[in-house]
Amino acid sequence: MSSTTLTEKPGKARKPSGPGSGRRLLRGLPWLVVRQHRVALACVLGLTVLTALWIVYERHELVQLLDAKGWPEKDPGRPMENNRGYEYITSIINGLPLILAVFIGAPLIAGDQENGTAQLVTTQSVTRRQWLTAKLGLAYTLALVPGLVLSALFTWWWEPHRSLFLSQWIDGVIFDNTGPVLPAFLLFLTAVGITIGALVRRVLPAMVGAFLFTAVTTMFVWDEVRVRLGSPKMFTYPMDTELPARFHDVYEMDRWVGSADGTLYGWGTCAEATEKAQNACIKEHGIVNDVIQYLDYGQMATMQWTAAGILLAGTILLTAFTLWWTSRRPL
């Protein structure tokens with residue numbers, strides 16, 4: 001969101017002026033874009049490093065605790081219950097999409113249009129497409145690096161000890177923060193923020209729009225999408241018996257009661273006021289089984305790559321639209 005004054009011609013690097021001067025890794029327009037967003041760059045990378053180190057520390061502490069308690073041969077209890085480190089870490093990771101969409105994506109183009117930097121840059125030896133490419137490259141790098149690093153470390157922490165974590169694999173705090181989903185999610189919501197900014201051309205309305213879209217998506221829409229990415233399976237077992245142990249980590253989508261000929265009835269079909277009336281209802285319908293519809297852990301990887309594919313396709317479409325829209329509109 002910071003403004004930049006051009007002090008040198010892009011693409012023409014200034015020569016070192018003294019004995020202490022060193023070579024820059026970036027020159028020309030990339031250097032200007034990085035310098036313009038240096039505060040955001042430092043904040044995001046600093047938060048990423050801090051969270052990454054915290055995950056490494058928490059995993060080390062968990063492994064030490066489990067070794068001391070003789071896990072997996074002995075029951076370690078519930079080491080992740082009331083684990084404040086885990087709660088803080090997941091809060092930070094869950095907040096990253098909002099941070100990137102609102103504070104990086106939304107003002108990326110809208111800020112330059114509002115304060116005139118876009119007009120200034122494109123009046124020099126820089127085309128509009130070069131300017132857009134440099135801006136988008138920085139934003140997507142800021143989304144991709146934290147996503148890859150934190151997803152890899154969180155997966156490394158969770159996967160070997162998943163039976164000890166209180167959240168199920170299908171819950172957003174696990175599913176969205178492991179594997180390819182987190183980097184894809186960050187890229188998509190950053191693209192959403194950029195697109196909203198390009199459309200409204202004002203920083204504050206763009207940030208509000210990005211905030212609302214991200215909040216609704218992460219709190220409501222994505223939860224509904226996630227569970228529809230798998231292929232539901234059915235399992236039938238005798239009524240009033242326990243599910244086999246292999247079903248302990250499945251996500252149960254629905255439940256019925258069924259007769260011997262396979263007819264299904266709603267779970268509350270025979271919920272009568274008295275046991276006698278309930279037994280009569282069960283006998284009348286010939287109900288002998290419980291039936292569940294579920295998603296199992298074995299589907300998680302496929303579901304995550306499907307989710308990542310959808311999000312990346314959305315990112316590509318939004319980016320193409322932003323380039324097309326911004327290239328054809330006055331700055």
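**Exercise 1. Burial and surface**

Determine what share of the 331 residues in the chain is buried, and state how much accessible surface the chain has.

*Solution.* The model is a predicted one. Step 1: a residue is buried when its relative accessible area is under 20%. Step 2: by this criterion, 44% of the 331 residues are buried. Step 3: the accessible surface of the chain amounts to about 17,500 Å², and carbon and sulfur atoms supply 60% of that area.

**Exercise 2. Overall form**

State the order of the elements along the chain, and explain why the chain is described as more spread out than a compact globule.

*Solution.* Step 1: the chain contains ten helices and four strands. Step 2: starting at the N terminus, their order is α-α-α-α-α-α-α-α-β-β-β-α-β-α. Step 3: for 331 residues the globule rule gives 20 Å, whereas the radius of gyration is 26 Å, well over that value; the chain is therefore more spread out than a compact globule. Step 4: along the principal axes, the C-alpha atoms fill a box of roughly 90 × 50 × 30 Å. Step 5: of the contacts with a separation of 6 or more, 81% join residues 24 or more positions apart.

**Exercise 3. Charge**

Give the numbers of positive and negative side chains, and the separation of the centres of the two sets.

*Solution.* Step 1: there are 29 positive and 26 negative side chains. Step 2: the centres of these two sets lie 24 Å apart.

**Exercise 4. Helix α10**

Compare the span of helix α10 with its expected value, and identify the elements against which its buried residues pack.

*Solution.* Step 1: helix α10 covers residues 300-328, which is 29 residues. Step 2: at 1.5 Å a residue the helix should span 42 Å, and its end C-alpha atoms are 42 Å apart, so the two values agree. Step 3: the buried residues of α10 include Met300, Met303, Gln304, Leu311 and Thr326. Step 4: the buried residues of this helix pack against α3, α5, α6, α7, α8 and β4. Step 5: Gln304, with a relative accessible area of 7%, is buried; beyond its neighbours within four places in sequence, Gln304 contacts Phe175, Thr178, Gly179, Pro180 and Val181.

**Exercise 5. Valine 173**

Decide whether valine 173 is buried or exposed, and list its contacts beyond four places in sequence.

*Solution.* Step 1: valine 173 belongs to helix α6. Step 2: its relative accessible area is 16%, and the cut-off is under 20%, so valine 173 is buried. Step 3: outside the residues up to four places away, valine 173 touches Tyr86, Thr90, Asn94, Phe154 and Ser167. Step 4: valine 173 and threonine 90 are 83 residues apart along the chain, yet 6.8 Å separates their C-alpha atoms.

Terms used: Residues are numbered from 1 along each chain as its sequence is written. This is a predicted model: local features need pLDDT of at least 70, side-chain atom pairs count only at pLDDT 80 or more; totals for chains, interfaces and linings use all residues. Side-chain values use heavy atoms; hydrogens and water are left out. Helices (H or I, at least four residues) and strands (E, at least two) are DSSP runs, numbered from the N terminus. The radius of gyration is taken over C-alpha atoms; the globule rule is 2.2 Å times the number of residues to the power 0.38. Buried means under 20% relative accessible area, exposed over 50%, partly exposed in between (1.4 Å probe, protein chains only). Contact means heavy atoms within 4.5 Å. Accessible areas come from the Shrake-Rupley method with a 1.4 Å probe; for residues, only the protein chains shown count as cover. Lys and Arg count as positive and Asp and Glu as negative; His and the chain ends are not counted. The place of a charge is taken as NZ of Lys, CZ of Arg, CG of Asp or CD of Glu. The expected span of a helix is 1.5 Å times one less than its number of residues.
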